[in-house]
Amino acid sequence: MSRYKIIIEYKGTDYVGWQRQDNGKSIQETIENSIEKLTNEKIQVFGAGRTDSGVHALGQVAHFDLNKKFSSDSIRDGLNNFLRSESISIIDAEEVTDDFHARFSAKKREYLYKIINRRAPLTIEKDLAWVLHKKLNLEKIKDAANFFIGKNNLNAFRSSHCQSKTTIKNIDKIEIIKKNEQIEINVQAKSFLHSQVRIMVGTLINVGEGKISPEYIKFIIKEAKRENAGPTAPAAGLYLLKVIY
């Protein structure tokens, strides 16, 4: 038995998310079907993070086990051959030890949220970013983001579908970069609640639009009520950037 780790890039627009579901085509199922075509083995793929419908990835990580041995290049190139009609690409593949687990071995995950701040609608980057037409106060957004750093109860920043046993999360880093009209928000932590990054971003945008003050973030965290936080930002702007082991 051989275990393989793959790094995956995908555009999530036309998928129901990472996880296999009955209501549509998932990233996991599509990759599993491609592995079966390549190897004649029906296996399960384990991902590092369960991205939602419409969410993208630049560095999703997954692993799977095969009875037969293949070279890393054969795994990467063979899977990409069967994924040619999909918005999924295997960036890299390697054989790993049996104790590696894409989800449980991960030390940190980093998400990127992409915003385009301009009056005109999107064309090229439609479904790849959140376009906001009102001018944002970037300095206030940066000030507000600092209140998320460290260990906090982030119950106010999770969806009603979240099944996490604890709402205590430790945010290691939030980095906000502006490149012309584009604003990138990078958030790094070991793990996240369901929709956490998107709700955090929606709340930070409320700050940037002047609807709430940066200091109000402290109140939202303390009260731990979802209704105090901002809206859930669209899935189109969110990317699983990388997983650190």
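**The largest pocket and the overall fold**

Student: What makes H4 stand out in the lining of the largest pocket?

Tutor: In this predicted model, H4 supplies 3 residues, the largest share of that lining. Other elements take part too: helix H1 (27–39), strand S2 (46–47), strand S5 (108–117), strand S8 (168–179) and helix H4 (196–208) each contribute at least two residues.

Student: How do you know which residues line the pocket?

Tutor: A lining residue must have an atom within 4 Å of a pocket point. The pocket has a volume of about 1300 Å³, and 41 residues line it, with Ala 48, Gly 49, Arg 50, Arg 103 and Phe 192 closest to its centre.

Student: What is the chemical make-up of that lining?

Tutor: It divides into 15 nonpolar, 17 polar and 9 charged residues. Gly counts as polar here, so Gly 49, one of the residues closest to the centre, falls in the polar group.

Student: Why is the chain called as compact as a globular protein of its length?

Tutor: The chain has 5 helices and 10 strands. Its radius of gyration is 19 Å, and the globule rule gives 18 Å for 245 residues; the two values are close, so the description holds.

Student: What share of the residues is buried, and what makes a residue count as such?

Tutor: The cut-off is under 20% relative accessible area, and 50% of the 245 residues are buried.

Student: How much of the contact set links residues 24 or more positions apart?

Tutor: Such pairs account for 70% of the contacts with a separation of 6 or more.

Terms used
Residues are numbered from 1 along each chain as its sequence is written. This is a predicted model: local features need pLDDT of at least 70, side-chain atom pairs count only at pLDDT 80 or more; totals for chains, interfaces and linings use all residues. Side-chain values use heavy atoms; hydrogens and water are left out. On a 1 Å grid over the protein atoms alone, a cavity is a set of points where a 1.4 Å probe fits but cannot get out, and a pocket is an open set with protein on both sides within 12 Å along at least five of seven lines; lining residues have an atom within 4 Å of a point. Grid points are joined across faces, edges and corners, and a volume is the space filled by probe spheres set on the points. Helices (H or I, at least four residues) and strands (E, at least two) are DSSP runs, numbered from the N terminus. The radius of gyration is taken over C-alpha atoms; the globule rule is 2.2 Å times the number of residues to the power 0.38. Buried means under 20% relative accessible area, exposed over 50%, partly exposed in between (1.4 Å probe, protein chains only). Contact means heavy atoms within 4.5 Å.
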